[in-house]
Amino acid sequence: MNWQDKLSNTVINIKPSGIRKFFDIVQTMPDAISLGVGEPDFITPWHIRQAAMDSIRNGETAYTSNAGDPKLRKAISRYIEERFSLSYDPMGEIIVTVGASEAIDLAMRALINPGDEVIIPDPSYVSYVPNVLMVHGVPVPVKTKAENDFRITPNEIEAAITDKTKAIILPYPNNPTGAVMEKHHLEEIAKVIKKHDLIVISDEIYAELSYGINHISIASIDGMKERTILINGFSKAFAMTGWRVGFVCAPKDVLSMMLKVHQYVIMCASTMSQAAALDALERAFVDGFKDVKHMQEDYDMRRRVIYKALNEMGLSSFEPKGAFYIFPCIKSTNRTSEQFATDLLKSQHVAVVPGTAFGESGEGYVRCSYASSLKNINEAMDRIKKFLESINA
């Protein structure tokens, strides 16, 4: 059988992730250091793991309700209110999803008709454009600039809007750049969004990983909650990537449509993973988010080390204020992002991700993750410095 004649043209035409091939090469290099990993290097705290095991021992192996365990939804509602001053009804405005990634997919399926346009800051997380394409929408990448600390601006949004624009994705703190939005930035953007009656898909998975500022959700800006789909989860803040637990908060009208899709394609998130997530929040309410603060402080220390080292060796970088990534400019090396990452990996066994994996405007940059040990970061910086010296000799 010729499968190429049977497959979806939409899926065939979607490019594979630009990240994976570097990870595959790293697996063949025992001494390689990867700064490409987009997940915490911390192990999920023991009490969270214990909660999952207790759930299994207690025979909690059946489905939860489609929207998620009511106890977990209530805890999420409390979490969102305590941390971000937002109120969501746990019984009608919250769904527990299989990671934040499923929540993004649900939002697209519930909102987008063929031909609808979705504005996406570029560079951004690799799945946004494919998610729009898979529902036959039209992604509209908007180049963000280093001189604006990679924040999308009101004027840039205004210039991208057409009569087909339905939504905008706001992914802050941002992967791959580490950019953040402060309240005054969001207030100005909100004016444009309300003027054109747009929907916001606000991916806030890195909300707990902000440095020197407090994270503000655009849903908290006056008049924005009613038009915002807020996405978050446990992967980054609680070092729970493999557990696959996210959540989405939104007005009932759109959430009911997202739940309909979720019911048919997922049923519910893993029961034992939900038990682990519930424990993560309940312990955090008691101990003041001790685990989260510990990891955030450690990332902050690494952030300052890698920022200083990259700039000192001539790879200029703006100071990231969120997530656990830095986005140095490599234009001075006269290599494309792909060439730089490939040559660095081959010669020094250090893996970084080409900026173009996150959009065309990532050309001239690479993404480095500081979700790695300080020892590995320091060694990687030494190797990158040697690489730069060798190509400039």
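In this predicted model, helix α6 gives the largest share of the lining of the largest pocket, namely 4 residues. The pocket itself holds about 760 Å³ of space. Its lining is made up of 28 residues, and those closest to the centre are Lys 15, Val 129, Thr 356, Ala 357 and Gly 359. Looking at whole elements, two or more lining residues come from each of β3, α6 and β4.

Two of those elements also frame a loop worth a look. Ser 124 sits in the loop that links β3 (117-122) to α6 (128-134). Is Ser 124 buried or exposed? Its relative accessibility is just 3%, and since anything under 20% is called buried, Ser 124 counts as buried. As for its surroundings, Ser 124 touches Pro 171, Asn 174, Asn 175, Pro 176 and Phe 358, leaving aside residues up to four places away in sequence. With one of these, Asn 174, there is also a polar contact, made side chain to side chain at 3.4 Å.

Next come the sheets. As a bit of background, the strands of a sheet pair through backbone hydrogen bonds, and they can do so in a parallel or an antiparallel way. One open sheet here has 7 strands, lined up in the order β2-β8-β7-β6-β5-β3-β4, and its pairing is mixed. The edges are taken by β2 (94-97) and β4 (138-143); each has a single partner strand, so one side of each is left without a neighbour in the sheet. On average, neighbouring strands of this sheet are turned by 20 degrees against each other, if direction is ignored.

At the β2 edge, which strand is the partner of β2? That is β8 (residues 246-249), and the two pair in the antiparallel sense over 4 bridges. Within this pair, Thr 97 stands opposite Gly 246 of β8. A helix joins the picture too: α4 (residues 70-84) packs on the sheet and touches β2, β7 (228-233) and β8. The direction of α4 makes about 110 degrees with that of β2.

There is also an open sheet of 3 strands, in the order β9-β12-β11, and here the pairing is antiparallel. Why do β9 (325-326) and β11 (353-354) each have a side without a neighbour in the sheet? Both stand at the edges with a single partner strand, so one side of each is left without one. Strand β9 runs antiparallel to β12 (residues 366-369), and 2 bridges join them. One residue to find here is Ile 326, whose bridge partner in β12 is Cys 368.

Helix α5 (residues 99-111) offers another buried spot, at Ala 107. The relative accessibility of Ala 107 is 0%, so this residue counts as buried. Setting aside residues up to four places away in sequence, Ala 107 touches Ile 201, Ile 229 and Met 258. Asp 69 lies 38 residues from Ala 107 along the chain, and their C-alpha atoms are separated by 21 Å.

Last, the closed spaces. How many cavities of 30 Å³ or more does the structure hold? There are 2 of them, and the largest has a volume of about 80 Å³. The residues that line this largest cavity are Leu 170, Tyr 172, Met 181, Leu 186, Ser 202, Glu 204, His 215, Ile 216, Ser 217 and Ile 218.

Definitions and conventions: Residues are numbered from 1 along each chain as its sequence is written. This is a predicted model: local features need pLDDT of at least 70, side-chain atom pairs count only at pLDDT 80 or more; totals for chains, interfaces and linings use all residues. Side-chain values use heavy atoms; hydrogens and water are left out. Two strands pair if DSSP finds at least two bridges between them. Axes are lines fitted to C-alpha atoms, for helices over the stretch in contact, and angles run from 0 to 180 degrees between N-to-C directions. Contact means heavy atoms within 4.5 Å. Buried means under 20% relative accessible area, exposed over 50%, partly exposed in between (1.4 Å probe, protein chains only). A polar contact is a pair of N or O atoms within 3.5 Å; within protein, one must be able to donate a hydrogen and the other to accept it, and residues adjacent in sequence count only if both atoms are side-chain atoms. On a 1 Å grid over the protein atoms alone, a cavity is a set of points where a 1.4 Å probe fits but cannot get out, and a pocket is an open set with protein on both sides within 12 Å along at least five of seven lines; lining residues have an atom within 4 Å of a point. Grid points are joined across faces, edges and corners, and a volume is the space filled by probe spheres set on the points.
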